[in-house]
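Subject: Structure handover

Hi there,

Here is the structure I promised to pass on to you. My notes on it follow right below, so have it open while you read.

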Amino acid sequence: MSKLLCTSHLNPLGRRRFSAILSKSPVPIQLSLSPSRFPFEFHFSLRNHFPNRQIHLRFLRNSVHQRGLSVRALESSSETKDEEVSKKEDESSSSETETRSVDVNGSLVGSNDDYPSGDFEFKEINGWMSFVVKLRMLFAFPWERVRKGSVLSMKLRGQISEQLKSRFSSGLSLPQICENFSKAAYDPRISGVYLQIEPLSCGWGKVEEIRRHILNFRKSGKFIVGYVSVCGEKEYYLGCACEELYAPPSAYFALYGLTVQASFLGGVLEKVGIEPQVQRIGKYKSAGDQLMRKNMSKENCEMLTALLDSIYGNWLDKVSSTKGKRREEIENFIDEGVYQIERLKEGGWITNIHYDDEVISMLKERLGLKKEKNLPMVDYRKYSRVRNWTLGLSGGKDQIAVIRASGSISRVRGPFSVSNSGIISEQFIEKIRSVRESKRYKAAIIRIDSPGGDALASDLMWREIGLLAASKPVVASMSDVAASGGYYMAMAAGTIVAENLTLTGSIGVVTGKFNLGELYERIGFNKEIISRGKYAELTAAEQRPFRPDEAELFAKSAQNAYKQFRDKAALSRSMTVEQMEEIAQGRVWAGKDAASRGLVDAIGGLSRAVAIAKQKANIPQDKQVKLVEMSRPSPTVPEILTGIGSSLVGVDRTLKELLQDLTFSDGVQARMDGIMFQRLEGASFANPIFTLIKDYLSSL
């Protein structure tokens with residue numbers, strides 16, 4: 001029987017030369033061809049003749065870079081266990097799974113890929129281009145006009161979205177924050193930046209990206225002054241990157257260290273008579289623990305401890321480097337529990353103690369303004385409307401598509417979802433196909449910030465990204481989190497870029513249902529089902545637990561979904577199934593740790609992803625490109641009428657997302673946080689008692 005290999009899973013293999021070599025054969029058999037179009041199929045009919053031989057697939061790129069890829073990555077675990085592997089191959093495999101270090105540029109030491117760093121280099125705009133920029137500013141739209149000598153004022157606080165925001169939307173947008181820093185560096189009308197930092201609710205990936213742009217802005221020679229009144233580790237991580245940092249006398253500093261915590265509802269649900277029946281594949285897959293357990297599992301504790309060590313170690317290293325102190329000094333200072341603002345000034349943690357009006361007076365003096373004059377300032381929202389074209393930063397003719405994927409993954413929009421909330425696979429696939437079919441784009445960047453969600457939706461998007469990667473270079477750039485379904489999407493790209501602290505991996509699946517039988521008995525509610533088919537009541541009968549045969553089928557279904565996820569991850573990362581199993585099991589890694597284990601190719605932000613995309617598309621690094629955002633903001637009616645975003649939709653975002661997760665999920669889930677339960681033809685959702693229970697749970 002012939003063995004079928006579908007090379008559409010091999011991304012990006014456009015115009016590469018393939019060779020299939022029969023290992024350990026006395027007469028090595030080699031078959032080579034250079035395909036011009038993908039996908040196509042490769043048939044081997046040697047298995048019956050050489051049952052004990054292992055076939056390896058190896059592809060060559062530019063006759064230099066070689067990566068070994070075992071056919072075993074395409075097979076089920078039961079098939080691979082039957083194959084005989086030599087001692088030499090075992091030793092080779094084990095050596096390949098050893099962790100590798102990351103160099104100063106964020107690339108793997110020993111890797112054949114020499115990825116560009118994408119570091120920002122400030123170049124003065126002189127000559128003819130300087131004249132053109134001044135002319136454009138002279139005839140700019142009214143909303144693009146800025147007084148010469150202005151200070152860009154930005155206030156960072158709360159949630160920071162990965163998506164672009166319309167001018168009617170409230171909240172902060174990471175792409176626009178970073179773009180404002182870049183524009184201000186070159187804008188001759190901007191003298192400096194006044195950055196007010198308040199408590200942040202975003203992840204460390206976004207914080208790292210903002211910090212990088214603060215340091216890039218400083219290369220322009222303009223000043224950037226930070227101001228904090230309530231300061232924790234994230235806020236100080238940004239503040240210490242500023243040239244100067246000020247705080248009022250009453251500022252609240254809480255630099256006491258970092259914690260990680262997990263809450264558990266197992267005891268609560270037990271008391272009210274609800275039994276969560278959950279199948280999670282992967283010993284580190286903590287999704288579902290919140291509902292099933294009363295305490296933290298050993299594996300979850302191990303994983304969270306490693307993540308905490310990575311985050312805290314990175315914080316100590318970056319802060320000590322910025323402040324010119326030894327790491328031990330920073331750690332000792334933190335352990336002293338210092339809260340007095342005077343001590344922070346004496347220790348060099350802040351520049352000085354000033355109120356906001358005193359800082360503004362100081363900036364006026366620096367700019368040579370009289371005390372009675374107002375400091376010319378332009379805020380974040382207005383400056384976001386200044387176009388790159390006005391400043392001569394619009395890029396060249398070559399275009400790179402940027403497709404943003406942020407939030408939980410689902411196939412269709414749920415009843416409680418709002419515009420631009422989450423990743424809807426149908427809409428995302430449309431964008432992917434439009435980029436693939438267009439000849440305008442030289443490459444594509446998939447910007448991911450997602451903890452996962454629907455496993456089927458993740459797989460469908462993985463397929464489309466793989467097809468796109470077969471036609472043009474695709475780079476995945478990961479923000480705060482690209483775990484489970486989020487990583488599922490990323491692994492279809494040719495190159496994966498992550499921040500040091502991006503939550504990465506979580507290769508595992510989880511699914512389950514509520515058994516409400518005991519609760520129904522307590523409240524006197526009864527439900528009876530008439531069915532046809534042995535497993536018809538598998539997910540419809542929430543009034544009883546699984547029968548043994550149902551539980552077995554449920555477990556096998558989840559295991560099958562996990563094997564597909566793991567095997568595709570192994571194939572995408574050029575590993576054997578056994579190698580991938582060691583780093584999968586639902587474990588979440590920090591970006592740097594994921595890179596050392598082969599789950600990530602390079603460490604960096606969007607700028608590095610752009611540099612790698614240019615390299616893959618044969619575009620010179622010093623040549624400007626135009627980044628085309630495929631996810632342009634589309635304001636809703638409430639946003640246009642009120643200008644305050646989606647806060648008037650009627651319910652809190654967290655509640656809506658929880659309700660959506662509980663009521664609008666079908667099938668197995670590949671997600672990192674929480675658990676989503678199955679629904680069969682709306683049976684559970686139509687039950688008023690179940691709806692009441694979900695309302696109760698969502699209020700906890």
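In this predicted model, let me start with two helices that pack together, α14 and α15. On the α14 side, the residues that take part are Ser425, Phe428, Ile429, Ile432, Arg433, Val435 and Arg436. They meet Ala457, Leu460, Met461, Glu464, Ile465, Leu467, Leu468 and Ser471 of α15. As a reminder, an α-helix has 3.6 residues a turn, so residues three or four places apart point the same way. Helix α14 covers residues 425-437 and α15 covers 455-471; their axes lie 10 Å apart, at an angle of about 5 degrees. Since angles under 35 degrees count as roughly parallel, α14 is therefore roughly parallel to α15.

Next, the open sheet. It is built from six strands in the order β16-β13-β11-β10-β7-β17, with parallel pairing. Which strands stand at the edges? They are β16 (352-353) and β17 (377-379), and each has a single partner strand, so one side of each is left without a neighbour in the sheet. Helix α12 (residues 356-366) packs on this sheet, where it touches β10 (190-200), β11 (223-228) and β13 (244-247). The direction of α12 makes about 170 degrees with that of β11.

At the β17 edge, three bridges pair that strand with β7 (residues 150-158) in the parallel sense. Ser153 has Asp379 of β17 as its bridge partner.

Strand β11 deserves a closer look. Is it buried or exposed? Six of its six residues are buried, so β11 is largely enclosed by the rest of the structure. In a regular strand the side chains alternate between the two faces of the sheet. Here Phe223, Val225 and Tyr227 point one way, while Ile224, Gly226 and Val228 point the other way, and all of them are buried. With β10, strand β11 forms six bridges in the parallel sense, and Tyr194 is matched with Val225 as its bridge partner in β11. The chain gets from β10 to β11 by way of helix α5 (residues 204-218), in a right-handed β-α-β crossover. Towards β13, β11 runs parallel and is joined by three bridges; there, the bridge partner of Tyr227 is Tyr246.

Now to another strand that is covered on both faces, β24 (residues 495-498). Thr495 and Val497 are buried on one side, and Ile496 and Ala498 are buried on the other. Four bridges pair β24 with β23 (residues 474-483) in the parallel sense, with Thr495 as the bridge partner of Val475. Together with helix α16 (residues 485-490), these two strands make a right-handed β-α-β unit. β24 also pairs with β28 (residues 602-603), again in the parallel sense, over two bridges, and Ala498 stands opposite Ile603 there.

How buried is Thr495? Its relative accessible area is 2%, and buried means under 20%, so Thr495 counts as buried. Leaving aside residues up to four places away in sequence, Thr495 touches Tyr115, Val474, Val475, Ala476, Asp601, Ile612 and Lys616.

For an exposed position, turn to Ser263, in the loop between β14 (252-253) and α7 (266-272). Its relative accessibility is 56%, and exposed means over 50%, which is why Ser263 counts as exposed. Arg293 is 30 residues from Ser263 along the chain, and their C-alpha atoms are separated by 9.4 Å.

One more helix to look at is α18 (residues 548-572). It has 25 residues and reaches 36 Å from its first C-alpha to its last, close to the 36 Å expected at 1.5 Å a residue. Just after α18, Ser574 takes a positive phi of about 55 degrees.

Finally, some totals for the whole chain. It has 25 helices and 30 strands, and 53% of its 700 residues count as buried. Of the contacts between residues at least 6 apart in sequence, 74% join residues at least 24 apart.

Happy browsing, and best wishes!

Technical notes. Residues are numbered from 1 along each chain as its sequence is written. This is a predicted model: local features need pLDDT of at least 70, side-chain atom pairs count only at pLDDT 80 or more; totals for chains, interfaces and linings use all residues. Side-chain values use heavy atoms; hydrogens and water are left out. The expected span of a helix is 1.5 Å times one less than its number of residues. Two strands pair if DSSP finds at least two bridges between them. Contact means heavy atoms within 4.5 Å. Axes are lines fitted to C-alpha atoms, for helices over the stretch in contact, and angles run from 0 to 180 degrees between N-to-C directions. Buried means under 20% relative accessible area, exposed over 50%, partly exposed in between (1.4 Å probe, protein chains only). A crossover is right-handed if, with the strands pointing away from the viewer, the path from the first strand over the helix to the second runs clockwise. Angles under 35 degrees count as roughly parallel, over 145 as roughly antiparallel, 65 to 115 as roughly perpendicular and the rest as oblique.
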